[in-house]
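Subject: Structure handover and notes

Hello,

Here is the structure I said I would pass on. Please open it next to this message and look up the places as you read.

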Amino acid sequence: MKAIQSIRGMHDILPDDIHAWQFLESRLRELLDGYGYREIRLPAVEFTDLFARSIGDVTDIVEKEMYTFEDRNGDRLSLRPEGTAGCVRAGIEHGLLHNQVQRLWYQGPMFRHERPQKGRYRQFHQVGMEIFGVPGPDVDAELLAFTARLWKALGLRNLRLELNTLGTPASRLRYRERLIGYFEAHRDGLDVEAVRRLHENPLRLLDSKHPETAAIARGAPTLIEDLDTESRAHFDGLCAHLDALDIAYTHNPRLVRGLDYYTHTVFEWITDELGAQGTVCAGGRYDGLVEQLGGRSTPAIGLAMGLERLVSLLVDQGAVTARAGPDIYLVVPGDTAAGPQALTLAERLRDQLPGLQLLLNCGGGSMKSQMKKADRAGARYAVILGPDEIAAGTVVVKALRDPESSQLTVAQQDLAALMQARLGRQSGGWN
Ligand code: ATP
Ligand code: MG
């Protein structure tokens, strides 16, 4: 029988690797709270139609990457490839958007049937942030200030911000026509897919991965000349804010995002240290989407971060410190399971020292093998409760992390006070 394995491109995140994830998630949460974002939890499955109507029919995601299926009722459903569509759907459905300002965030797995490679998976994780009800550019700048602060809080280096504007729908429409004209003139050099998309979604050709189409796209006109006064004012306003905040950026007039719904501001945070999958965070303004999905017209901007890519970068750059081991490893030498005295002592210590990290040796074993386990767990102290100690009402406390590895015997009722003094504030939780 063939062994059952995980699905290609969908990975287990193992306990040895979880620390970097938790480090990232806890820094994120702290900052999200600090900026007034509230968490929203959304289903991982939605009607396929939601994605087709928001992301756009003629996009890589909807055409090629979605996990779509019919459920037992015959409904067409998809695993979510991104979070914005579901967030907007929920906002409309629960009346969160109209005449209100909402700063929302969510996290979770997203699913895209792509070719798996480093930094590109079929199940991956995003943290998304969405702000509804503010036309910007103030809030656009605040969102970018958040990201800049996050990289600093995480200790990440060498991330650069690329920025562009897609303007109002009217300027985009003018640009679209000009772009179709340009690509029509180079039609013979385009790949089949590009020719098919040319009239439906010419902007998509700009970030084509096909080498010949990409070469033609590099010579394509940019949107700058088609920007109207409103679009320019928005973009200039954002740039002025970023300058005032000392946030460096480059204007990349060729930056268009993979989704159809963007207007005005679009941006990406990119690193050169992860190879081709260098975008760790991307987003933009999508003033038309709420209305497009049946709500009342609401300005909005958002972003999504790719957590796998950020975790890779954290690890590569050595930004995560190794996790500390438990405070105490309770060694209970004996052939069989730990006895009631050991369990009682462990539970009493947990009562007395809330927040204590204590690992009880369950399952027995020799003194030597348990001491080895204590060391491997990275414990700061071994507390030993052997038959002699049980008889005497004492324990032996052995410091594992100091070179002299001092050792002393104390009465069990004095253990909590001793450990409190030894561990001090470093163990958190009590003092
Ligand atoms: P790419 O150009 O790399 O395919 P995208 O434009 O499709 O990215 P978005 O839809 O903007 O990506 O998603 C936001 C972020 O989510 C990306 O910048 C990236 O960090 C992450 N991401 C997207 N797709 C994947 C994937 N298949 N595996 C891992 N992370 C991903
Ligand atoms: Mg993609």
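The notes below go through the ligand, the empty spaces, one helix and some single residues.

Please keep in mind that this is a predicted model.

Ligand 1

There are 14 residues around ligand 1, and those that come nearest are Arg112, Glu114, Arg120, Arg257 and Thr279. Thr279 places a backbone N or O atom 2.8 Å from an oxygen atom of the ligand. The side chain of Gln126 also has an N or O atom at 3.0 Å from an oxygen atom of ligand 1. For Gly306, a polar backbone atom is 3.4 Å from an oxygen atom of the ligand.

Empty spaces

Rolling a probe the size of a water molecule over the atoms shows where empty space is left. Two such spaces are described here.

The second largest pocket has a volume of about 500 Å³. It is lined by 21 residues, and the closest to its centre are Ile13, Leu14, Asp17, Trp21 and Val311. Three elements give two or more residues to this lining: α1 (18-34), β6 (123-132) and α11 (307-316). Which of them gives the largest share of the lining? That is α11, with four residues. Sorted by class, the lining of this pocket has ten nonpolar, six polar and five charged residues.

As for closed spaces, the structure holds one cavity of 30 Å³ or more. The largest cavity encloses about 70 Å³. Its lining consists of Asn164, Thr165, Leu166, Tyr175, Leu206, Leu223, Pro253, Arg254 and Val256. Of these lining residues, six are nonpolar, two are polar and one is charged.

Helix α4

Is helix α4 (residues 84-93) largely enclosed or largely open? Eight of its ten residues are buried, so the helix is largely enclosed by the rest of the structure. The buried residues are Thr84, Ala85, Gly86, Cys87, Val88, Arg89, Ala90 and Gly91. Among the elements that cover them are β2, α2 (48-54), β5 (102-111), β6 and α10 (289-292). Just after the helix, Gly95 has a positive phi of about 60°.

Strand β9: Trp269 and His264

Trp269 sits in strand β9 (residues 263-270). Is Trp269 buried or exposed? Its relative accessibility is 4%, and the cut-off for buried is under 20%, so Trp269 counts as buried. Leaving out residues up to four places away in sequence, Trp269 touches Leu144, Thr147, Ala148, Trp151, Leu159, Arg160, Leu161, Gly278, Thr279, Val280 and Cys281. With one of these, Thr147, there is a polar contact from side chain to side chain, at 2.9 Å. Another, Val280, is eleven residues from Trp269 in sequence, and their C-alpha atoms are 5.9 Å apart. Thr279, also on the list of residues that Trp269 touches, is one of the residues that come nearest to ligand 1.

His264 belongs to strand β9 as well. This residue is buried, with a relative accessible area of 4%. Its phi is positive, about 50°, although His264 is not a glycine.

Places in the loops

Asp246 is another residue with a positive phi that is not a glycine; here the angle is about 65°. Asp246 lies in the loop between α9 (229-245) and β8 (250-251). With a relative accessible area of 71%, Asp246 is exposed.

Pro137 is in the loop between β6 and α5 (138-154). What kind of peptide bond joins Gly136 and Pro137? The bond is cis, with omega at about 10°.

Ala44 is in the loop between β1 (38-39) and β2 (45-47). Ala44 has a relative accessible area of 29% and is therefore partly exposed, as that class lies between 20% and 50%. Not counting neighbours within four places in sequence, Ala44 is in contact with Ser78, Leu79, Arg80 and Phe111. Leu418 is 374 residues from Ala44 along the chain, and 49 Å separates their C-alpha atoms.

Regards

Terms used: Residues are numbered from 1 along each chain as its sequence is written. Chains are lettered from A and ligands numbered from 1 in the order in which they are written. This is a predicted model: local features need pLDDT of at least 70, side-chain atom pairs count only at pLDDT 80 or more; totals for chains, interfaces and linings use all residues. Side-chain values use heavy atoms; hydrogens and water are left out. On a 1 Å grid over the protein atoms alone, a cavity is a set of points where a 1.4 Å probe fits but cannot get out, and a pocket is an open set with protein on both sides within 12 Å along at least five of seven lines; lining residues have an atom within 4 Å of a point. Grid points are joined across faces, edges and corners, and a volume is the space filled by probe spheres set on the points. Ala, Val, Leu, Ile, Met, Phe, Trp, Tyr, Cys and Pro count as nonpolar, Asp, Glu, Lys and Arg as charged, and the others, Gly among them, as polar. Buried means under 20% relative accessible area, exposed over 50%, partly exposed in between (1.4 Å probe, protein chains only). Contact means heavy atoms within 4.5 Å. A polar contact is a pair of N or O atoms within 3.5 Å; within protein, one must be able to donate a hydrogen and the other to accept it, and residues adjacent in sequence count only if both atoms are side-chain atoms. A residue is near a molecule or strand if one of its heavy atoms lies within 4 Å of it.
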